[in-house]
Amino acid sequence: MRHEHLISAKQLSREDIETVLDRAAEIAADPEAVAEACDGSLLALCFFEPSTRTKMSFETAITRLGGDATDMGGVESSSVKKGESLADTVRVIEGYADAIVLRHPSEGAAKLASQFVDVPVINAGDGAGQHPTQTLLDLYTIRENAGFDDLSVGIMGDLKYGRTVHSLAHALTNVDANQHFISPESLRLPRSVRYDLHEAGANVHEYTEIDDVLGALDVLYVTRIQRERFPDENEYRQVAGEYRIDAELLESADDELTVMHPLPRVDEIAADVDETNHATYFEQAHNGVPVRMALLEAML
Ligand code: CP
């Protein structure tokens, strides 16, 4: 992975995945061992959209590896506000940093940026496209809690606009998981993703009701309805709040069910789930640090 861009989860082979996850587990067990692994490296954080977890965990990761981060700041406080193009922005920033972490509202932005620079570009979310580093921490959390053998994962909510879903579906295909997609008809997986999964031989099932599959799942990955991606607010209102889980619903799930969410949540997981043994989403967010440490160590 050294000096390569990471744009899509489609780039990750099973071997890549296992290598990063194994290294992340070693780092989580002994973070001091890598305290100087990226000594002198500078990571540029270029976030054209809001972020809490991705941005802060990348910053934490590079700091714990002995490196440092420089932050472009939001769109409002950078020269993007003056109309500077993405291409010019990243061409300038590659002169300051050893790698660029980029989040952008446009699908394909990370791929485009990577064509203008020689330092690695890490896609931290491009519109409704991909979010491959989220996928690595999701897989780490799944492997820790449920393992990859004979794995059944339910993915529920906004499958149309959810970039974490699109990335995760590709990676779950690589670990031979059974994939169960639960959504309203209007928020089904995009045709292009379904086609790719079919071509890759994925084991895919689709539902509109969670009750039809809940009892068969090892992992339930809940997602937020991506309000900011709907072209029409009325369309959002028609589906908002429809796909929600609570502690009562989970009484019919397997005792060992792992409930995940990339976060932030709005109301799709009730607060009473937080008190159950199923809730794994905060652990999942925390796993972002060792996983991104392992990734940065490999790339830098
Ligand atoms: N999961 C995720 O990408 O969270 P942020 O938007 O806070 O980075």
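**Salt bridges, buried histidines and an unusual loop**

Let me start with K10, which is exposed, with a relative accessible area of 52%. What we have on the screen is a predicted model, so please hear every value that follows as one computed from that model.

K10 has a partner, and its side chain meets that of D196 in a salt bridge, at 2.8 Å from N to O. This pair links distant parts of the chain, since K10 sits in the segment before helix 1 while D196 belongs to helix 7, residues 191-199, and the two are 186 residues apart. D196, for its part, is partly exposed, with a relative accessible area of 24%. As a general remark, side chains of opposite charge can pair when their charged atoms come close.

How many salt bridges does a search of the whole structure find? The search returns 18, and I would like to take you through two further ones, both placed in helix 1.

In one of them, E18 forms a salt bridge with R14, with 3.1 Å between the closest N and O atoms. Why are E18 and R14 separated by about one helical turn? They are separated in that way because they stand four residues apart in helix 1. R14 counts as partly exposed, at 31% relative accessibility.

In the other, the side chains of R23 and E26 meet at 2.6 Å, again taken from N to O. Here the residues are three apart in helix 1, and therefore R23 and E26 are also separated by about one helical turn. R23 is partly exposed, with a relative accessible area of 27%, and E26 is likewise partly exposed, at 45%. Salt bridges that share partners also join R14, E18, D22, R143 and D176 into one network.

I will stay with D176 for a moment, as its backbone deserves a comment as well. D176 is found in the loop between helix 6 and strand 6, the strand being residues 178-182, and at 61% relative accessibility D176 counts as exposed. D176 has a positive phi of about 60 degrees, although it is not a glycine. For context, most residues other than glycine have a negative phi, and most peptide bonds are trans.

That brings me to the loop between strand 9 and helix 9, where L263 lies. L263 has a positive phi too, of about 65 degrees, and it is not a glycine either. Is L263 buried or exposed? L263 is buried, with a relative accessible area of 13%. The peptide bond from L263 to P264 is cis, with omega near 5 degrees, and P264 lies in the loop between strand 9 and helix 9 as well.

H261 is placed in that loop too, between strand 9 (258-260) and helix 9 (281-286). At 1% relative accessibility, H261 counts as buried, and its side chain reaches the backbone nitrogen of L263 at 2.7 Å. To draw this together, L263 combines a positive phi, a cis peptide bond to P264 and a backbone nitrogen contacted by H261.

Now to another buried histidine, H166, which is found in helix 6, residues 163-174. H166 has a relative accessible area of 3%. Which backbone oxygen does the side chain of H166 reach at 2.9 Å? That oxygen belongs to L159, and in addition the backbone oxygen of A128 lies 2.8 Å from a polar atom of the H166 side chain.

Turning to the surface, a negative patch is formed by E209, D211, D212 and E242. Within that group, D212 has its place in the loop between strand 7 (203-207) and strand 8 (219-222), and D212 is exposed, with a relative accessible area of 55%.

Finally, a word about distance across the model. A37 lies in the loop between helix 1 (14-29) and strand 1 (42-47), and A37 is partly exposed, with a relative accessible area of 40%. The C-alpha atoms of A37 and A270 are separated by 40 Å, the two residues being 233 residues apart along the chain.

With that I will stop, and I am happy to go back to any of these sites on the screen.

Methods
Residues numbered from 1 in each chain as written. Predicted model: local features only at pLDDT ≥ 70, side-chain atom pairs only at ≥ 80, totals over all residues. Heavy atoms only, no water. Patch = residues over 30% accessible without salt bridge, like charges linked within 9 Å, V, L, I, M, F, W, Y side chains within 5 Å. Areas by Shrake-Rupley, 256 points an atom, 1.4 Å probe, with all protein chains shown as cover. Salt bridge = Lys/Arg side-chain N within 4 Å of Asp/Glu carboxyl O. Lys, Arg positive; Asp, Glu negative; His and termini not counted. Charge placed at Lys NZ, Arg CZ, Asp CG, Glu CD. Buried < 20%, exposed > 50% of the residue type's maximum accessible area, 1.4 Å probe, protein only. Polar contact = N/O pair within 3.5 Å; in protein donor to acceptor, adjacent residues only side chain to side chain.
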